[in-house]
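Biologist: Please take a close look at one part of this model, the sheet with its surroundings, and explain it for a first-year student. Which pieces pair, and what packs around them?

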Amino acid sequence: MKTGTTVQQRDWIAPGFIEALLVQGERAGRERESLLCDAAFPFDPLRGCSATQTASSAAFSRLAQALFRTLDDEAGGSMPDAPTPVGTARLLAFSLLGSPSLGAALRRAMEFNRCCRLNRGQTAVNTLTVDEDLREATLSYYLAGSDRAQQRLLCGLAIWMRFCGWLIGQHIDVVSARCAAAAPANVRELRHFFPCPVTFGAADNAVVFSVRHLEAELLRSEADLSRYLREAPYCLVVAPKPSSLSITRRIRELLGDDFRCEMPSFEALTGMLNMSARTLRRRLEREGTSYQRIKDNARRDLAIALLQRDGATVSEVAERVGFSDPSAFHRSFKKWTGESPGAFRA
């Protein structure tokens, strides 16, 4: 999404996302039809109830916001200490816009959380550290609570990374994460946010990404943010995508989604993008990535999508993502996700 443009309507939302919001509303004592009506879902005369099978990104966002009003908690019950009153995220987001860099914005957000959101007497371990040797940054957060609470806190960090990416017009690639909980029986929710390796049983919840993003300038205005907030639940939770300003996204689009043929060389890529090798390296470095990482992530994402479908064997998936040797695919996939292809599918 370019600066100054509104959020465009996207594909229909998978019914499971709508159902999850409705179930949470029922637990809070809110009838489904009442919540759907509050979110302005159209009435389906054939079914005699609100139409949920073809919900748009805007409808999903309205439903999420109606649920937040019902709960008086725009964190949706994910914080183990106390609800987050409706309007808190908006004030926090606007307070970040004057920051000179993303690193400064994150530190301001941490101060806001400590002063304005945490309950008195509650202590959260919330740090932002930089490893200059590896050129990696780590954002961590821990608040005492159940395993389920820790998993939700980790997902919250992923959501933060998505919002930060929008602020700077770059896709922030989380290279690894850790969770202060045992591995859950069903990792689907975590996999939605983290296709990268996740370590469980850690002392805190954390995401690791390139330090280059911390140095990036914020590109958004108050007008941009006001428009973005209308569909923020969709953009941050369901299907966020890299900004169209990102060179990473442009390269991903050029690579396509069939890697049985050899990917273009770096030299060929510079010609396709009509820029010098030096300029391309500088832009990739600014976004905290490399051509090799983009290629690996493209293969990883396609492999994950194919493994989640029925029918394709692991060998067929390996071939589709460009591996003639299945054992090499197994090694690469485990490096990308922390699991073998078979274990991931199971």
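Modeller: Let us begin with one pair of residues: Asn126 has Tyr141 in strand β4 as its bridge partner. The model is a predicted one, in which local features need pLDDT of at least 70 and side-chain atom pairs count only at pLDDT 80 or more, while totals for chains, interfaces and linings use all residues. Residues are numbered from 1 along each chain as its sequence is written, and side-chain values use heavy atoms, with hydrogens and water left out.

The two residues just named belong to a pair of strands. Strand β3, residues 125-131, and strand β4, residues 136-142, run antiparallel to each other and are joined over seven bridges. Strands (E, at least two residues) and helices (H or I, at least four) are DSSP runs numbered from the N terminus, and two strands pair if DSSP finds at least two bridges between them. Four residues separate β3 from β4 in their hairpin, where Arg135 adopts a positive phi near 60 degrees.

The hairpin is part of an open sheet of five strands, ordered β3-β4-β7-β5-β6, whose pairing is mixed. At its edges stand β3 and β6 (198-200), each of which pairs on one side only. On average, neighbouring strands of this sheet are turned by 15 degrees against each other, direction ignored. Strand β5, residues 176-179, pairs with β6 in the parallel sense over three bridges. Within that pairing, Cys179 has Phe200 of β6 as its bridge partner.

What lies across the sheet? Helix α6 lies across β4, β5, β6 and β7 (205-210), and runs at about 25 degrees to β7. Axes are lines fitted to C-alpha atoms, for helices over the stretch in contact, and angles run from 0 to 180 degrees between N-to-C directions.

Helix α6, residues 147-168, also meets helix α5, residues 102-117: their axes come within 11 Å and cross at roughly 135 degrees. That angle makes α5 oblique to α6; angles under 35 degrees count as roughly parallel, over 145 as roughly antiparallel, 65 to 115 as roughly perpendicular and the rest as oblique. The crossing of α5 with α6 is right-handed: the near helix is turned clockwise from the far one by less than a right angle, whereas anticlockwise would be left-handed. Leu102, Leu106 and Ala109 from α5 meet Trp160, Cys164 and Ile168 from α6, where contact means heavy atoms within 4.5 Å. Of these contact residues, six are nonpolar, none polar and none charged (Ala, Val, Leu, Ile, Met, Phe, Trp, Tyr, Cys and Pro count as nonpolar, Asp, Glu, Lys and Arg as charged, and the others, Gly among them, as polar).

Helix α4, residues 88-96, belongs to these surroundings too. Its residues Thr88, Leu92, Ala93, Phe94 and Leu96 are buried, and the buried residues of α4 pack against α5, α6 and α8 (222-230). Buried means under 20% relative accessible area, exposed over 50%, and partly exposed in between (1.4 Å probe, protein chains only).

One loop residue links the strands with α5. Leu214 is located in the loop between β7 and α8. With a relative accessible area of 7%, Leu214 is buried. Not counting residues up to four places away in sequence, Leu214 touches Leu102 and Leu106, as well as Ser101, Gly103, Leu128, Val130, Ala137 and Phe209. Leu102 and Leu106 have already appeared in the contact of α5 with α6. Leu214 and Gly288 are 74 residues apart in sequence, yet their C-alpha atoms are 9.6 Å apart in space.

A second helix pair may be set beside the one just described. Helix α1 (residues 15-27) packs with helix α3 (residues 57-71) at an angle of about 15 degrees, their axes being 10 Å apart. The two helices α1 and α3 are therefore roughly parallel to each other, and their crossing is left-handed. On the α1 side the contact includes Phe17, Ile18 and Leu21, and on the α3 side Phe60, Leu63 and Leu71 are among the residues involved. The contact of α1 with α3 divides into nine nonpolar residues, two polar and no charged. Leu71 of α3 counts as partly exposed, at 26% relative accessibility.
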